[in-house]
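Biologist: Please take me through this structure, beginning with the fold and ending with the cysteines.

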Amino acid sequence: MKTAPRKMKPSSTPAKPAFELRLYVAGQTVKSVAALANLKRICETHLVGQYGIEVIDLMKTPQLAAGDQILAVPTLVRRVPAPIRKIIGDLSNEERVLVGLDIQPVQK
Amino acid sequence: MNMVNHKSKSPSAATPRGILKSPTGIAGLDEITGGGLPTGRPTLVCGSAGCGKTMLATEFLVRGAMEFGEPGVFMMFEENAEELTANVRSLNFDLTKLVARKKIVLDHVHIERSEIEETGEYDLEGLFIRLGHAIDSIGAKRVVLDTVEALFAGLPNHAILRAELRRLFRRLKDRGMTAVITGERGEHSMTRYGLEEYVADCVIMLDQRMRDQVSTRRLRVVKYRGTAHGTNEYPFLIGANGLSVLPITSLQLDHQASPERAPTGIPKLDAMLGGKGFYRASSVLVSGSPGTGKSSIGAQFADAACRRGERALIFAYEESPAQMLRNMASIGLRLQPWVKKGLLQIHSSRPTMHGLEQHLVMIHDTVRAFQPRVVVIDPISNLTIDGNETEVKPTLMRLIDILKSRQITSLFTSLTSGIAALEDSGVGVSSLMDSWLLLRNVEFNGERNRTLQVLKSRGMAHSNQVREFILTDRGIDLVEAYLGADRVLTGTARVAQETQERAAAGLRRENHARQLRQLATKRKSITAQIAALQAEAEAEEAEVNFAIAQENLDVAAAQQNIGAMTCLRGGSAPSTNDKKGRA
């Protein structure tokens with residue numbers, strides 16, 4: 001399942017660096033589906049309008065695993081902004097995800 | 001795909017069919033394991049840092065690709081591809097070329113701990129996918145994981161990691177991959193993280209230890225399921241062409257015994273050895289105190305072999321090749337032409353540069369490459385720093401085994417210190433040797449001379465004489481030892497005695513001549529005497545004859561007278577007395 005990067009229109013807040021996120025999955029496993037769902041939720045909550053998600057299925061394109069040094073699945077790679085950060089797991093621990101992506105949590 | 005099927009096609013054999021093995025191509029390792037590593041199963045190679053695990057794994061892969069037609073995947077967790085390529089260049093392996101020809105895939109898996117954050121459940125399917133993809137891209141049959149323990153440092157959750165590793169090895173087995181997994185030696189277990197739990201089919205342990213400032217590498221097959229294997233430690237070298245393990249060859253003593261002989265190059269010495277020299281494939285020990293000419297005998301033996309067109313190998317542990325050539329030239333042995341022709345090779349090294357086993361492996365490799373018929377090792381007595389007999393003897397035993405099984409005649413020289421017992425070979429190995437020449441210096445009357453004797457020579461009638469030998473400028477020559485009075489004389493004492501004897505013989509001859517002359521003279525005088533006496537006898541005989549004749553004449557005359565008187569007187573007929581007178 002590979003969707004094109006989606007970019008939302010910039011909001012009225014001052015321009016923050018856009019987040020380019022790449023989620024590596026291996027087929028439609030429970031963990032993969034959960035990870036994608038969690039990711040979308042987090043992004044919509046804290047990164048409204050500044051993110052782009054790319055999902056790469058290693059079952060279909062195995063040769064891409066070497067490029068980002070992917071071992072574990074699912075892995076979320078934050079390519080932009082630098083430095084690269086990797087988060088492994090199904091992203092169920094939201095706090096850790098935010099710390100890992102270095103996102104300032106938006107207080108709701 | 002070239003696989004060694006161990007004990008397979010014999011339904012009548014008592015042993016069951018063995019497991020399939022993949023040959024490694026590493027010298028000696030295939031012999032120890034009885035054919036190679038188990039096919040389709042993982043093998044664990046563990047050892048402390050710097051033991052050669054990566055080298056062994058790399059060689060397994062490279063030789064698999066080049067010699068056995070099995071492409072391989074090298075998944076490295078510590079070095080990257082460039083570093084590995086540079087490192088194995090010293091072993092003459094060109095990984096770049098192999099990668100270009102799609103025989104090998106190098107995949108560097110890098111985990112940066114600081115980059116990773118764990119959030120929730122995960123598995124290592126990514127790694128599996130990478131590995132699977134690499135295997136499929138070239139159709140690999142061999143896999144190396146070096147060293148998978150790096151994952152433990154990178155990933156925080158060891159429980160998941162262990163479970164996944166178990167799954168990984170299962171996956172490798174399912175795909176039929178012959179895998180080599182390297183692991184670092186642990187304090188209390190074979191590997192630091194206990195990989196031996198998962199890789200239980202075959203475990204090889206590498207070791208590097210120091211003794212007397214010399215390092216020795218050893219290899220041991222700790223475990224090998226499904227086959228009989230050598231369980232001892234075997235020394236190995238990392239040489240210019242990869243690893244070289246020295247298996248203990250047949251200690252079963254089933255060598256062939258050849259009836260052919262190898263002349264020594266010294267004709268009179270050959271005569272002492274039953275007329276023809278040493279037996280081929282026998283071991284000869286030449287021992288003696290310093291300066292007795294042991295190296296010279298060894299060099300002459302090699303020279304004789306080269307003259308016959310056979311290859312000879314000299315291992316010199318005290319002189320450099322150039323020095324040996326120069327020194328032997330001084331006694332008329334021109335070895336340089338043989339070196340140029342490729343019939344002779346001289347290898348020198350300081351004996352304490354390597355451990356004993358390394359020497360053995362080096363000798364084994366050189367012998368295998370050069371295939372000589374004669375090997376000279378000069379000397380064996382300084383192979384250990386303190387000349388420890390107990391250490392040298394097993395090494396020597398193995399060396400002699402190797403040489404005998406290749407039908408190579410070997411000559412060893414050994415230095416015995418001047419004060420040691422006369423028949424001390426210096427390394428206590430005389431029972432391993434078939435022939436033993438003892439060289440001694442005899443000191444007498446202010447000079448030292450060299451003597452040689454054959455202490456033993458199995459299987460032939462040998463002389464029991466002590467012969468003097470001299471190093472002339474045309475090689476070594478033996479002289480009859482001179483027995484004067486009741487001891488052996490050598491050197492100038494011999495020369496002096498010989499001169500005396502010659503003079504005495506001359507004198508005796510003169511004496512005899514004089515006596516013969518005297519006899520002749522005497523005979524002549526006696527003959528003259530006899531002649532004189534005979535002449536006298538003849539003279540007397542003549543006299544007597546004359547007297548008789550005279551008397552007869554007188555009687556005849558008297559008769560005649562009487563006759564005539566009678567005639568004149570009476571005219572009677574003459575009487576019967578005068579029958580004599582007339583007629």
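**Fold, helix crossing and cysteines**

Biologist: In what pattern do the helices and strands of chain A follow one another along the sequence?

Modeller: This is a predicted model. Chain A has 3 helices and 4 strands. Read along the sequence, their pattern is β-α-β-α-β-β-α.

Biologist: What share of the contacts in chain A with a separation of 6 or more is between residues 24 or more positions apart?

Modeller: Of the 108 residues in chain A, 48% are buried. Among contacts with a separation of 6 or more, the share from residues 24 or more positions apart is 68%.

Biologist: Are helices H1(A) and H3(A) roughly parallel or roughly perpendicular to each other?

Modeller: The axes of H1(A), residues 30–46, and H3(A), residues 94–101, come within 11 Å and cross at roughly 65°. Angles of 65 to 115 degrees count as roughly perpendicular. The two helices, H1(A) and H3(A), are therefore roughly perpendicular.

Biologist: Which residues make the contact of H1(A) and H3(A)?

Modeller: The crossing of the two helices is right-handed. H1(A) contributes Arg41(A), Ile42(A) and His46(A), while H3(A) contributes Glu94(A), Val97(A) and Leu98(A). By class, the residues of this contact are 3 nonpolar, 1 polar and 2 charged.

Biologist: Why does Cys51(B) form no disulfide?

Modeller: A disulfide requires cysteine sulfur atoms within 2.5 Å. Cys51(B) is buried, at 1% relative accessibility. The closest cysteine sulfur to that of Cys51(B) belongs to Cys46(B) and is too far for a bond, at 9.3 Å.

Biologist: How many disulfides does a search of the whole structure find?

Modeller: The search covers all chains. The number of disulfides found is 0.

Notes: Residues numbered from 1 in each chain as written. Chains lettered and ligands numbered in written order. Predicted model: local features only at pLDDT ≥ 70, side-chain atom pairs only at ≥ 80, totals over all residues. Heavy atoms only, no water. Buried < 20%, exposed > 50% of the residue type's maximum accessible area, 1.4 Å probe, protein only. Axes fitted to C-alpha atoms, helices over the stretch in contact; angles between N-to-C directions. Parallel < 35°, antiparallel > 145°, perpendicular 65-115°, else oblique. Left-handed = near helix turned anticlockwise from the far one by under 90°. Contact = heavy atoms within 4.5 Å. Nonpolar A, V, L, I, M, F, W, Y, C, P; charged D, E, K, R; others polar.
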